[in-house]
Amino acid sequence: MEWQEITIKTGNEAVEAIASVFHQLGAGGVVVEDQDTHKLPYALVKGYLPVDEHLSGKLDELQEELAQIARRLNKKPYEIGRLVMNEEDWANAWKKYFKPLKIGERIVVRPTWEPYQPQEGEIVLDIDPGMAFGTGSHASTSLCIRLLEKYIQPGAQVFDVGTGTGILAMCAARLGARVVWAVDDDPVAVRVARENITLNALAETVKAEQHDLLQGVTEQADVIVANIIADVILALLPQVKICLAPQGVFIASGIIAERKDEIIAAAAKAGFSLLEERGEEEWAALAFRINA
């Protein structure tokens, strides 16, 4: 498969918003080289989209979203370059950015090609991101992992919505969940998640399926985690209310900090109470419970 690498040159103030747009478009990966990387007066945000019949529409949507970011920042924050790569080229280019990373108190994410000697009590997840989003290095993912460490109880049932590489679903399983459903509407992400689940010997606990959010799901979960974007979380709230067990916890991340209050207000209107909020860089993660 061929992939379109899209490089956006921008100021640091727009980096997180642009990365979120790539995520929303289902990018196979997002790489950020900030201003400190090469001592340049700008940052580079690289996203990878499959070259298929949907590419043209996604590029149009990207332009529209970038224009909105420009209006919000009151300036044009980007220049765009494009390059077509095959899957092997992309995979090799990606590897230099991905090193073992400890997140939270116990979780360590290790790329399959990097050696790592675990310390006592650490939980090591082996990840090959392939063409899917999610290595744990992004602030929104690390916020989710920290909240999962707090709220996962032994024997819990967990739904991971927008699973990407399956990293959050596997974290939930290693933290003691009895069964985890990992869902994504992107077939590439589902394939990569299944490969990582098998790699970590978690196929008995974690099931990855292609699904449009939680549409049609009738079971209930003790924890639902969604590391997506604000607009999708807003659309997901009614489904979460149906699928979350009494006293269950909904963890929402992928939220740009400036939209945090909007999500909290919408969740309150939908019948959720805020348990806690956490922030890192320009991102927010929120934990909710349904009002009794």
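This passage describes the secondary structure, nonpolar cores, aromatic pairs and charged contacts of a predicted model.

The chain contains eight helices and 14 strands. Of its 292 residues, 53% are buried. Among contacts with a separation of 6 or more, 65% are made by residues 24 or more positions apart.

In soluble globular proteins, nonpolar side chains tend to be buried together. The largest nonpolar core in the model comprises 64 residues, and F22, L148 and I251 have the most contacts inside it. Apart from this core lies another, of 27 residues, which includes A221, A230, L236 and A267. When residues up to four places away in sequence are left aside, F22 touches I6, I8, A27, V30, V45, K46, G47 and L62.

One of the residues of the second core, A267, also belongs to the buried set of helix α8, which spans residues 260–269 and has I263, I264 and A267 as its buried residues. These three cover an arc of only 100 degrees around the axis and therefore lie on the same side of α8. The face turned away from this buried side carries D261 and K269, both exposed. The cover over the buried residues of α8 includes α7 (230–243), β12 (244–256), β13 (272–280) and β14 (283–290). After α8 comes G271, with a positive phi near 105 degrees.

Strands β12, β13 and β14 also contribute the members of an aromatic cluster. A search of the whole structure finds three aromatic pairs. In one of them, F250 and F272 are tilted, with 6.3 Å from centre to centre and 50 degrees between the planes. This pair links distant parts of the chain, F250 being in strand β12 and F272 in strand β13, 22 residues apart. F250 is buried, at a relative accessible area of 0%, and F272 is likewise counted as buried, at 3% relative accessibility. The rings of F272 and F288 also have centres 6.3 Å apart, but their planes stand at 70 degrees, so this pair is edge-to-face. Here too distant parts of the chain are linked, from F272 in strand β13 to F288 in strand β14, 16 residues apart. F288 is buried, with a relative accessible area of 1%. Together, F250, F272 and F288 form one aromatic cluster.

Helix α4 (residues 139–151) contains E149 and Y151. Y151 has a relative accessible area of 15% and is therefore buried, the cut-off being under 20%. Its contacts, not counting residues up to four places away in sequence, are V223, V249, I251, L275, E276 and A287. One of these, I251, is among the residues with the most contacts inside the largest nonpolar core. Between Y151 and F250 the C-alpha to C-alpha distance is 9.7 Å, although 99 residues separate them in sequence.

E149 is buried yet takes part in no salt bridge. The nearest side chain of opposite charge, that of R106, is 5.6 Å away, whereas a salt bridge requires the nitrogen and oxygen to lie within 4 Å. R106 is nevertheless one of the residues that E149 touches, alongside I103, G104, E105, I107 and L175, with residues up to four places away in sequence not counted.

Elsewhere, a search of the whole structure finds 13 salt bridges. The side chains of K9 and E79 meet in one of them, at 3.5 Å from N to O. Because K9 lies in strand β1 (residues 2–10) and E79 in strand β4 (residues 78–86), this pair ties together parts that are 70 residues apart in sequence. K9 is partly exposed, with a relative accessible area of 28%, and E79 is partly exposed at 49% relative accessibility.

Helix α4 takes part in a further salt bridge, between R146 and E280. The closest N and O atoms of this pair are 3.3 Å apart. The pair links distant parts of the chain, with E280 in strand β13 and R146 in helix α4, 134 residues apart. Both partners are partly exposed: E280 at 24% relative accessibility and R146 with a relative accessible area of 30%.

R259 and E262 likewise meet through their side chains in a salt bridge, at 3.0 Å from N to O. R259 is partly exposed at a relative accessible area of 22%, as is E262 at 37%. In addition, K150, E276 and R278 are joined into one network by salt bridges that share partners.

Terms used
Residues are numbered from 1 along each chain as its sequence is written. This is a predicted model: local features need pLDDT of at least 70, side-chain atom pairs count only at pLDDT 80 or more; totals for chains, interfaces and linings use all residues. Side-chain values use heavy atoms; hydrogens and water are left out. Helices (H or I, at least four residues) and strands (E, at least two) are DSSP runs, numbered from the N terminus. Buried means under 20% relative accessible area, exposed over 50%, partly exposed in between (1.4 Å probe, protein chains only). Lys and Arg count as positive and Asp and Glu as negative; His and the chain ends are not counted. Contact means heavy atoms within 4.5 Å. The arc is that of the directions from the helix axis to the C-beta atoms. Rings of Phe, Tyr and Trp (its six-membered ring) pair if their centres lie within 6.5 Å; planes under 30 degrees apart count as stacked, over 60 as edge-to-face and the rest as tilted. A nonpolar core is a set of buried Ala, Val, Leu, Ile, Met, Phe, Trp, Tyr and Cys residues joined through side-chain atoms within 4.5 Å.
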